[in-house]
Amino acid sequence: MIYFGKALNAYKANLHTYSTVSDGKFSPQQVVDFYSMRGYDVLSFSDHRKTNDLTTLDHRGMTLLSGIELHPGHPRFGLWHLLAVNVPADFPGVFETAQEAVDAVNAAGGLSYGAHPYWCGTRSEEILSLHGLAGIEVYNSSTRYIGKEYNMPIWDELIDAGWNCPALAVDDIHSLSDFGHGWTMVLAEDKSPASIVDALKNGSFYATQGPEFTRIELDGYMLHAEFSEVVSAVVVGRFSSGCPVNIPGQPFPGDEKNCRELTVDLRRCRTAGRIQLRDAAGNYAWSNPIPVPPEK
Ligand SMILES: [Zn+2]
């Protein structure tokens, strides 16, 4: 995997995971066994208001991270759902306000994400009111049950507001039906916990339901990407800007060609563009927003 000119490895991660420590169906060790057998490299637990003691688990060759989901109250939509990754085992589970929770996660060296904002009913301005958030989830498998698994519109509102917000795809797994509909590929030098956490902090990852990026590179203003075969590839810019690269039915229905690469002038996206792919089965992949370099 090459990303911005640097050779990095891609590690398959699920960063939103429950166990019997809260309301998951399976014990922490059963969850580790399950993901390791299905080719995952990284797993982060996120039991509601509770951390997991990773020292008691057989890691099965995976990188395990300690996380938690935090639920401070909100006067309009009830409870925040803040996904925290990389917090210590003695991290507190209860906070009065979302800002206190985010501040505590950051002080502990972790990252916090606005989980499934569409499902929560969270507005972009409410997310923007929190300082120090690491990103949101663009895809959350467990919210499929009421059709609220995709979060692109609110993600784009955050980008339109000027925040090049990174976005994860996660299982949010409680039972087996949540498994494997979206995951995050972490682009890092190795899969030590420190490298994985660094990559997350740098936004060095992409979210996917199947399509794979093999190269994303910026040469001056020219964005070049290579990926597995897809039917739709677009670079989504701020507000109404962006670059349609390959869209089924255009220019003429029946004239569709599949697509494995794109090269566009990123200035067509105003200040940042994110690559969005969709394969023939309807599975998306999303790069993080790529900023347009400043004029020289
Ligand atoms: Zn949640």
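Biologist: Which residue in S11 does Tyr113 stand opposite?

Modeller: Happy to start there, keeping in mind that this is a predicted model. S10 is joined to S11 by two bridges, and these strands run parallel. Across that pairing, the S11 residue opposite Tyr113 is Gly135.

Biologist: And which residue stands opposite Tyr113 when we look towards S9?

Modeller: Strand S9 covers residues 82–85 and pairs with S10 in the antiparallel sense, over four bridges. In this pairing, the residue opposite Tyr113 is Leu83.

Biologist: Which residue of S10 points the way Tyr113 does?

Modeller: In a regular strand the side chains alternate between the two faces of the sheet. Strand S10 spans residues 111–114, and all of them are buried. Ser112 and Gly114 point one way, while the other way is taken by Tyr113 together with Leu111.

Biologist: Nice. Which are the edge strands of the sheet that holds S10?

Modeller: The sheet is open, with five strands in the order S6-S9-S10-S11-S12 and mixed pairing. An edge strand here pairs on one side only, which holds for strand S6 (67–70) and S12. Neighbouring strands in this sheet are turned against each other by 35° on average, direction ignored. To come back to your question, the edge strands are S6 and S12.

Biologist: Let's move to helix H5. Which strands are included in what covers its buried residues?

Modeller: H5 runs over residues 152–160, and its buried residues are Ile154, Trp155, Asp156, Leu158 and Ile159. The cover includes two helices, H3 (117–120) and H4 (124–128). It also includes strands S11 (135–140), S12 (167–170), S17 (232–237) and S20 (272–278).

Biologist: Which residue with a positive phi follows H5?

Modeller: The helix itself spans residues 152–160. The phi in question is near 105°, and the residue is Gly162.

Biologist: How many residues does domain 2 bring to its contact with domain 1?

Modeller: The domain assignment gives domain 1 as 8–208 and domain 2 as 213–291. Their centres, taken over C-alpha atoms, are separated by 26 Å. Domain 1 brings 12 residues to the contact, and domain 2 brings 11.

Biologist: Which elements each supply at least two residues of the side of domain 1 that touches domain 2?

Modeller: By class, that side has seven nonpolar, three polar and two charged residues. The elements that each supply at least two of its residues are H5 and strand S14 (205–208).

Biologist: Which strand gives the largest share of the largest nonpolar core?

Modeller: This core has 80 residues, and Val42, Leu82, Val138, Val186 and Ala207 touch the most other members. Among the residues that Ala207 touches are Val138, Ala285 and Trp286. The core draws at least three residues from each of domain 1 and domain 2. Its largest share is five residues, from strand S13.

Biologist: One last residue: is Pro244 buried or exposed?

Modeller: Pro244 is found in strand S18 (residues 242–246). Its C-alpha is 46 Å from that of Ala89, with their positions 155 residues apart in sequence. A residue counts as exposed if 12 or fewer other C-beta atoms lie within 10 Å of its own. Because Pro244 has 12 C-beta neighbours inside 10 Å, Pro244 is exposed.

Technical notes. Residues are numbered from 1 along each chain as its sequence is written. This is a predicted model: local features need pLDDT of at least 70, side-chain atom pairs count only at pLDDT 80 or more; totals for chains, interfaces and linings use all residues. A residue is buried if 20 or more other C-beta atoms lie within 10 Å of its own, exposed if 12 or fewer, and partly exposed in between; C-beta atoms are placed from the backbone. Two residues are in contact if their C-beta atoms, placed from the backbone, lie within 7 Å. Two strands pair if DSSP finds at least two bridges between them. Axes are lines fitted to C-alpha atoms, for helices over the stretch in contact, and angles run from 0 to 180 degrees between N-to-C directions. A nonpolar core is a set of buried Ala, Val, Leu, Ile, Met, Phe, Trp, Tyr and Cys residues joined through C-beta atoms within 7 Å. Domain bounds come from an automatic or database domain assignment. Ala, Val, Leu, Ile, Met, Phe, Trp, Tyr, Cys and Pro count as nonpolar, Asp, Glu, Lys and Arg as charged, and the others, Gly among them, as polar. Lists of a residue's contacts leave out its neighbours within four places in sequence.
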